[in-house]
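Grab a pencil and work through these exercises at your own pace. Try each task before you read its solution.

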Amino acid sequence: MSWIIDHLWLIAAIPFAASLVILSLSNAQRKSGAALAVIGQVLALALSILTFVPTLQAPGFRVVQNFAWFTFGEQTLRLGFVLDPLAAAMLMMIALVGLCIFVFSIGYMAEDKNLTRFFAYMSFFSGAMLGLVIANSLLLLFIFWELVGLASYLLIGFWIEKPSAAAAAKKAFITTRIGDMGFFLGMLWLYGRSGTLLFYDGGNGCLESAGLAMLGASATFIALLIFCGAVGKSGQFPLHVWLPDAMEGPTPVSALIHAATMVAAGVFLVARVYPLFSLGATNGVTTSLTVVVWIGVTTALMAALIAIAQADIKRILAYSTVSQLGLMMVSLGVGGVAAGIMHLLAHGFFKALLFLGSGSVIHGCHGEQDIRKMGGLRRLLPLTFVTYATGMMALSGVPFFFSGGWTKEEVLHATAHWPRSHVPYYLLLAGVVLTALYMTRQIIYVFFGNRRSASTHVHESPRVMTIPLIVLAICTILFSVVLTPTWPWLHAYLSGEPLHFDLARLIQPMLFVSLVLVGVGIALGFWIYQKAGAQDRDRPAEIDPLEYAQPALFRFLANKMWIDELYGRTVIAFSWKSARLSDWMDRYFWDGLVRGVGAIGQLFGIFTTSVDERGINAGVDETTAGTRGLGRLMSGAHSGQIQTYLGAVAIGMLALLLLYAWLA
Amino acid sequence: MTPTLQGFLIVSAALFSIGLLAALSRRHAIFILIGIEMMLAAANLNFIAFWRFGPQHQPPVGVMIALFSIAIAAAEAAVGLAMVIAVYRHYRTTNVDQLDQLKG
């Protein structure tokens, strides 16, 4: 039992290793690549189940495994892995959903030439995500955070021939980077104030009382900065713009990364560093948590409104994800951490189910993604329809059998009891109605009514694709066993509270309220759209009834509330202008300065050249001319006549004699 | 009249001057060689004179020197004549005024 605790890092390392091996394979070895990826994921799932078992021992179970990375000067940078109920539950969800999606991809991407590269990237992502949830150090979490961001970029832009995919990948990476900048600043500040980035370290960790005590008032700002990272990664307003564009990637990618796991990392982060957010709470309310609530509620409502007007099957689900993530953020903000994480886990299952179901529909319709061109697929894709309907019921919040309903109930319950304000609760109720409405709209467009253009030649997906759908549908239904208020096992497991079995808790006024609202939403959807199947004489069949009723509002929502265009006019235009200004400065100003300094050097060179030429060279030339002149003079004495030389010798001898005689 | 040392020296000096004059002013190369021979003879005469009128006669130093000198003069004359012939063969002239190849 303790073996797995000592080797927690294996859970992340195995998919990484699988990814490395797959990268070394060629594109032709598709079966080996797929098999390796699936085996890696199965092993990770097995290890996750193994880690799950010890956490059941005692409430509030937490064990850490810290190690030193490197020392600089006198300080040591330590990293570590942690195992507690939060991490174990996340591991289970990620591993299981990942496995289902990997198996599904074998069928969905069967005709793709780059299947090996696909599985390498997916394995890489899986390893990074698993590592993220067991990280005990904010730095290690950030490392894995960036790795999943990289994997997301690689996978969104997987079809490198598509320029829209490349643009979407770039947009995703840059938008999340903006959030990551805040995250990094918060991390630095936290390290500066508390001296450690480890979460739990035998009392000295930054989330434990000793570490928190060193923070004081800066805890709010640190929490908000770290929340920036969550805003970027989980697609909260205002950094939500990348998530719908990320649908350019293959559908399994959307299912794994942008529904179940990576976008959940932001919510997980807030839950992980919750003690930072809730430091100094009065009645469970702090400034940072209030910010979380309001951003979450804005996101939830805004995304739900936009989803009603979308026509692409995956975009509806993408905006639905954004909306549900907002819901989870609200839950965390009002203090319902366990409720938020429960909804995260349930959402992972049913959103993956919905995305894979849409993948099955797209596969069946030979690549068509516009719901207005589909219709009547209920009898042509029966299995897909049943599983998709399961997911839709869970997402809409129908309780009884569907996990999503119970977790949404918990979230609403927590929000209703927020002491600060009741507005988020009412806004979330509106969101519930909208969610049910747009999901019903989508189901009716795709599965009910008359068959439209893309519904011809449609076939049910092969078993390799439908079995993961069935598995996820069963998980969605079975999961509700541990979620009901009569036996809130998961809530007690996550929060460490004691567990009671109480049948009476099933009857609650709030439950009826949300039941009624869900019913209203679904009924409204049916009433508006069921007639869409039948031809209305006043309205052509292609136009959405809502669009016919309120064209301006519908167009506003269908264009994503023009937020992308707003960013384009403001932030991007500003950054473009700054870039051009910098370029101009670099080209003319700084370059001019450098050239000026160069000119000074050149002047110096000219000066030395002239000195050299006119001064030194001329001097040397003059000297040599003089020497030559002297030489010419002296060579005049060389007449070549022997007798002249002999005469000179004689005169010299005479002179010496005279000198000798004079000296003697 | 008894020969005195001064007499010999005067003769020797005169002989030397005449030889020097010949060597310096004649155009023909052989005449310059004759002049050089005369200067050598004058030197020999000087050696003999100083030996004759010196203190000891027994080691005949002056005579030996004069003998060697004559031998050397002969060899030198041979070499000089050979050079004149070689020069004549090349330049077709014995007029030293025309032999100024080393001019410069």
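## Warm-up: confidence

Chain B has an average pLDDT of 92, and 99% of its residues score at least 70. This is a predicted model, and its scores are ipTM 0.84 and pTM 0.76.

## Exercise 1: where the chains meet

Task: Find how many residues of chain A are in contact with chain B, and which helix gives the largest share.

Solution:
- Step 1. Look at both sides: 10 residues of chain A are in contact with 11 residues of chain B.
- Step 2. Look for the main contributor on chain A: helix α26 (residues 642-663) gives the largest share, 5 residues.
- Step 3. Sort the residues on the chain A side by character: 3 are nonpolar, 7 are polar and none is charged.

## Exercise 2: a hairpin

Task: Work out how β1(A) and β2(A) are arranged, and what is special about the phi of G73(A).

Solution:
- Step 1. Find the strands: β1(A) covers residues 63-72, and β2(A) covers residues 75-83.
- Step 2. Check the direction: the two strands run antiparallel and are joined by 9 bridges. For one pair, take F70(A), whose bridge partner in β2(A) is L77(A).
- Step 3. Inspect the turn: the strands form a hairpin with 2 residues between them, and G73(A) in that turn has a positive phi of about 70 degrees.
- Step 4. Judge the cover: β1(A) has 10 residues and the count of buried ones is 0, so this strand is hardly covered.

## Exercise 3: the cores

Task: Name the residues with the most contacts inside the largest nonpolar core, and the helix that gives the most to it.

Solution:
- Step 1. Start with the core itself: it has 203 residues, and F125(A), I134(A), V267(A), V270(A) and A352(A) have the most contacts inside it.
- Step 2. Find the helix: α4 (residues 85-108) of chain A gives the most, with 19 residues.
- Step 3. Look for a core apart from this one: another has 9 residues, including A23(B), A29(B), I32(B) and L33(B).
- Step 4. Zoom in on I134(A): among the residues it touches are L8(A), F81(A), L83(A) and L91(A).

## Exercise 4: an enclosed helix

Task: Why is α17(A) described as largely enclosed?

Solution:
- Step 1. Place the helix: α17(A) spans residues 382-396, and its 15 residues reach 21 Å from first C-alpha to last, close to the expected 21 Å.
- Step 2. Count the buried residues: 11 of the 15 are buried, so the helix is largely enclosed by the rest of the structure. F385(A), Y388(A), M392(A) and L395(A) are among them.
- Step 3. See what comes next: G397(A) follows α17(A), with a positive phi near 100 degrees.

Conventions. Residues are numbered from 1 along each chain as its sequence is written. Chains are lettered from A and ligands numbered from 1 in the order in which they are written. This is a predicted model: local features need pLDDT of at least 70, side-chain atom pairs count only at pLDDT 80 or more; totals for chains, interfaces and linings use all residues. pLDDT is the predictor's confidence in each residue, from 0 to 100. Two residues are in contact if their C-beta atoms, placed from the backbone, lie within 7 Å. Helices (H or I, at least four residues) and strands (E, at least two) are DSSP runs, numbered from the N terminus. Ala, Val, Leu, Ile, Met, Phe, Trp, Tyr, Cys and Pro count as nonpolar, Asp, Glu, Lys and Arg as charged, and the others, Gly among them, as polar. A residue is buried if 20 or more other C-beta atoms lie within 10 Å of its own, exposed if 12 or fewer, and partly exposed in between; C-beta atoms are placed from the backbone. Two strands pair if DSSP finds at least two bridges between them. A nonpolar core is a set of buried Ala, Val, Leu, Ile, Met, Phe, Trp, Tyr and Cys residues joined through C-beta atoms within 7 Å. The expected span of a helix is 1.5 Å times one less than its number of residues. Lists of a residue's contacts leave out its neighbours within four places in sequence.
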